[in-house]
Amino acid sequence: MPVYWLFLLLALLPFKSFAQIEIPAIQVQATKSAKVFNFGSSSSFSEEDLTLRPQTDLKHIIDSVPGVISNQNGGPGGRVSFFIRGTESRHVSFTLDGLKLNDVSGVDRQFDAAFLTSPILQELNVYKGPQAVLFGSDALGGLVDMRTRKGEKAPETRVNFFGGSFGTVGGSLSSDWKTHGNQGTLTYSANHSDGISRLNKKRFNAKEADSSDISQATSSSRHLWGKNQTDLLLSFVDGKNELDGATSDNSYDHSTNHQYLMQQKTSHFFDKNTAISLRNGLNRHQRFIHTLAQGSQSYAGDSVQNELLIENKNSHIELMGGIASEHEDVLLTQVDRSFDLNSVFLQSLLKANGFSFQAGGRIEHHSRYGNFQTGSSGIAYQFSRQKIFAQYSQGFKAPSLFQLYYPIYGNRNLVPERNQSWETGWKLEEDLYGVSVTIFRNTLSHLVTFTSSGYRNQGDFIAEGAELSGRLSVSNFVFKPSLVQQNFRKAETAVLRRPQNMMSLQASWFAVEGLEFYSKISKYSARKDQNTDATPQTVKLNGFETVEVGAHYISGMNDYSVQLVNLLNRDYEELYGYSVMPRSVFVGFGRRFL
């Protein structure tokens, strides 16, 4: 494929030899950013936020966002799913420097966040509602957009270690480097956990612990030459975990997960206001599952992504548009299929007299389903420190190749899922306090569901609700309460794994300079799930509350952290039959070298 030759060529280029002076005061980056065109509620996490806890998984970061629910199939290494505003977990798209990460070899093209670790990240943003105009299929319910470190703190080398309950130990080594016109970050991280039993003890009397091992090597860099810039990303993720059987313990089943990421993006800056970029990327998944019941099975999927993007920005108007193509293929038991998705899109933003207007559209041609159109529009008004907004957006998701072609259960008559989303709200941001109120509604149609006879489309489904969040600073304390209520209507089948009510309180105490004590109290109402009987039935899982506390201290070049999870040692279920982490403690230490 052409992308491989492009990577080979870029690897051989002597960037340093032709690097010229850096371009001063660049206002445009020719990089897709949902933040600019999204008036609704979103959450951002900086590099400092991502290092607050000793553990490097993403679950505890993302599920702190109001309206986001996370579930994990057992302890460390178990599959992690996220639900945003009542939509399904497969409706959340994950991107890294613009590269889609969703696993095309999976049943529903969902991204499993169990094996991606945070030391490579500079920023993580969570957007609620469809983001299809800029990011296309899969961003039907929301988007988790991540940006890698690229030598921003060069010359610096960091070493981090952490360990704790259940034989958990890990660490990372990263180096920020910089030469004239070139900079980047090299990172290697690894961690191991003896784990807990994947299956719930009270339901299955499960006792055998299921271990996990995760390692990741990443290179992310930026190279300036004249009025051009090339960004390179290379990453390999290796994850291994033991699996209990579906209803039995001590089966010693296990899986291996490999993910390969390769991307180059070359931008040309015409001036301070206009830039164009060409992005080519590869996201490859390989999974190997070994069970006593079914033997060994392998899954492989490739997503080859190409995009030409142009951006123009001035004080009142911003335009971003482009063309994109994506080739998706899978190779698994009795399935060897592919499809192509080509699109053209345009997103605009206009600012005048405190008002902001956004409008955008995308036309996609699917090699199986033909043409699809999605759009978005919104209005916001900023006065003093208050903001009111309203936004409408559309999204779609084509069925996965697994859902279409897998023997017995596949259905070639499936049609794409659609979503029409409304959101309106009010925000107030003062120095000492802030308040945000949001009302939302997702109307989904043609939802793909699994039945005993296979996959099929169902009718409309409505998820609607309200989110209330706040911030209060008192002396050296900061409090962040949130409350989410959601309701589900017109559901043909039971709405699984999503509670209707959630509330949380996050509190931080900055005792002295560099020292932060934090706590998080969360409470969830009951939810529904399906049991694992031969004929599955809908069951009710009781509501529960969790408490997490910890501390983070920075002293000079050293960094210390401690985290206590599930302080009350609650034995609850996020998913039927799966365990959750009991009371656990983790500690971390890091040091920077210049």
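Trainee: Which residues are linked in a network of salt bridges here?

Mentor: That network joins E47, R149, E156, R158, D176 and R592. Keep in mind that we're looking at a predicted model.

Trainee: OK. How many salt bridges does the structure hold?

Mentor: There are 39 salt bridges in the structure. One of them pairs the side chains of E48 and K153, at 3.5 Å from N to O.

Trainee: Where do E48 and K153 lie?

Mentor: E48 is in helix α4, residues 47–50, while K153 is in the loop between β7 (142–148) and β8 (156–164). They are 105 residues apart in sequence, so the pair ties together parts that are distant along the chain by that count.

Trainee: And how accessible is E48, and what about K153?

Mentor: E48 is partly exposed, with a relative accessible area of 46%. K153 is partly exposed too, at 36%.

Trainee: Switching pairs: what do the side chains of E467 and R85 do?

Mentor: They meet in a salt bridge, 2.9 Å from N to O. The pair links distant parts of the chain, 382 residues apart. E467 sits in strand β25 (residues 461–474), and R85 sits in the loop between β3 (80–84) and β4 (92–96).

Trainee: Are E467 and R85 buried or exposed?

Mentor: Both E467 and R85 are buried.

Trainee: What about E492, which residue does its side chain meet in a salt bridge?

Mentor: That's R456, at 3.7 Å from N to O. E492 is in the loop between β26 (477–489) and β27 (501–512), and R456 is in strand β24 (residues 454–457), which puts them 36 residues apart. E492 is partly exposed at 48% relative accessible area, and R456 is partly exposed at 31%.

Trainee: Let's leave charges. Which residues touch the most other members in the largest nonpolar core?

Mentor: I62, F94, L124, V126 and M146 do, out of 30 residues in that core. At least two core residues come from each of α5 (59–62), β3, β4, β6 (121–128), β7 and β12 (228–243).

Trainee: Which residues does I62 touch?

Mentor: Leaving out residues up to four places away in sequence, I62 touches V68, F82, F94, L124, V126 and V144.

Trainee: Why would nonpolar side chains be buried together?

Mentor: It's a general tendency for such side chains in soluble globular proteins.

Trainee: And how many residues are in the other core that lies apart from this one?

Mentor: That core has 19 residues, among them V104, L332, Y406 and L414.

Methods: Residues are numbered from 1 along each chain as its sequence is written. This is a predicted model: local features need pLDDT of at least 70, side-chain atom pairs count only at pLDDT 80 or more; totals for chains, interfaces and linings use all residues. Side-chain values use heavy atoms; hydrogens and water are left out. A salt bridge is a side-chain nitrogen of Lys or Arg within 4 Å of a carboxyl oxygen of Asp or Glu. Helices (H or I, at least four residues) and strands (E, at least two) are DSSP runs, numbered from the N terminus. Buried means under 20% relative accessible area, exposed over 50%, partly exposed in between (1.4 Å probe, protein chains only). A nonpolar core is a set of buried Ala, Val, Leu, Ile, Met, Phe, Trp, Tyr and Cys residues joined through side-chain atoms within 4.5 Å. Contact means heavy atoms within 4.5 Å.
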